[in-house]
Amino acid sequence: MSNVLNKAIVLVLNRNWQAINVRTPAEAFCQMATGVATALEVEGENQIRPVTWAEWIALPIRPQDEAVHTVRGAIRVPTVIVLANFAKVPKRRPKLNARTIRERDGNRCQYTGAVLKPDEGSIDHVLPRSRGGKNAWENCVWASKTVNSKKGSRLPHEAGLKLLTAPRAPKELPMTALIRNTNGVTDWKWFVNE
């Protein structure tokens, strides 16, 4: 039981059916059992229906479904739930990592302007970490590996380099834009971009 509850993931929609979060199956079951959310039974684009907890626990387990086994029998793990009384779309800044820095900087070396393939660049800390630089949007840029190696633990001007643009944190984005279907859950395709 705990294996399914730990590996499966449930998409959370607001009451307008916009993707806003992901939850564990255990969290989804709690929200369904308390009436905070209903699950969606998805049979295809035109066959999506909200299902209450009482109905959900009686649904048969289909071959494609994950299930948890309880003393009362197996219960299907939902893939998508809808919150009953929440209409907002929360905003969040993307996580700071190499991919998001590369995307923010348009795949360009921030010292030379050269367009780079993902494996040709790396994160450069403008103020090197060895000199107290932080892992922050305002201190990290995408740079070619050659330039980054040349710069080393120096400041840009000490290495004869100049930033093309000052690094900034990206704007907060609606959660709908940040949720990715990395596990390839078929039922999510109606609600999130691939």
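This section describes the pockets, a central strand pairing and two backbone angles of a predicted model.

The largest pocket of the predicted structure has a volume of about 600 Å³, and of the 23 residues that line this pocket, Lys-95, Arg-99, Leu-178, Ile-179 and Arg-180 are the closest to its centre. Three secondary-structure elements, namely strand S2 (19–23), helix H4 (98–104) and helix H6 (175–178), each contribute at least two residues to the lining of the largest pocket, and the largest share, 4 residues, is supplied by H4. When the lining of the largest pocket is divided by class, 11 residues are nonpolar, 5 are polar and 7 are charged.

The second largest pocket has a volume of about 320 Å³ and is lined by 15 residues, among which Gln-64, Glu-66, Thr-79, Val-185 and Thr-186 lie nearest its centre. The lining of the second largest pocket is made up of 5 nonpolar, 5 polar and 5 charged residues.

Strand S7, which spans residues 80–83, is covered on both faces, with Val-80 and Val-82 buried on one side and Ile-81 and Leu-83 buried on the other. In a regular strand, side chains alternate between the two faces of the sheet. Strand S7 pairs with strand S1 in the parallel sense over 3 bridges, and within this pairing Leu-11 has Val-80 of S7 as its bridge partner. Strand S7 also pairs with strand S3 (residues 37–44), here in the antiparallel sense and over 3 bridges, with Ala-37 standing opposite Leu-83 of S7. Val-80 and Leu-83, the residues of S7 named in these two pairings, are thus placed on opposite sides of the strand, and both are buried.

Positive phi angles were found at two residues that are not glycine. Most residues other than glycine have a negative phi. Trp-17 has a positive phi of about 65° and is located in the loop between strand S1 (10–13) and S2; Trp-17 counts as partly exposed because its relative accessibility is 34%, a value that falls between the limits of 20% for buried and 50% for exposed residues. Asn-107 has a positive phi near 60° and is placed in the loop between H4 and strand S9 (121–125), and at a relative accessibility of 28% Asn-107 is likewise counted as partly exposed. The loop that holds Trp-17 is bounded by S1 and S2, of which S1 is a pairing partner of S7 and S2 contributes to the lining of the largest pocket, whereas the loop that holds Asn-107 follows H4, the helix with the largest share of that lining.

Terms used
Residues numbered from 1 in each chain as written. Predicted model: local features only at pLDDT ≥ 70, side-chain atom pairs only at ≥ 80, totals over all residues. Heavy atoms only, no water. 1 Å grid on protein atoms, 1.4 Å probe; cavity = no way out; pocket = protein on both sides within 12 Å on 5 of 7 lines; lining within 4 Å. Points joined across faces, edges and corners; volume = space filled by probe spheres on them. Nonpolar A, V, L, I, M, F, W, Y, C, P; charged D, E, K, R; others polar. Buried < 20%, exposed > 50% of the residue type's maximum accessible area, 1.4 Å probe, protein only. Pairing = 2+ DSSP bridges.
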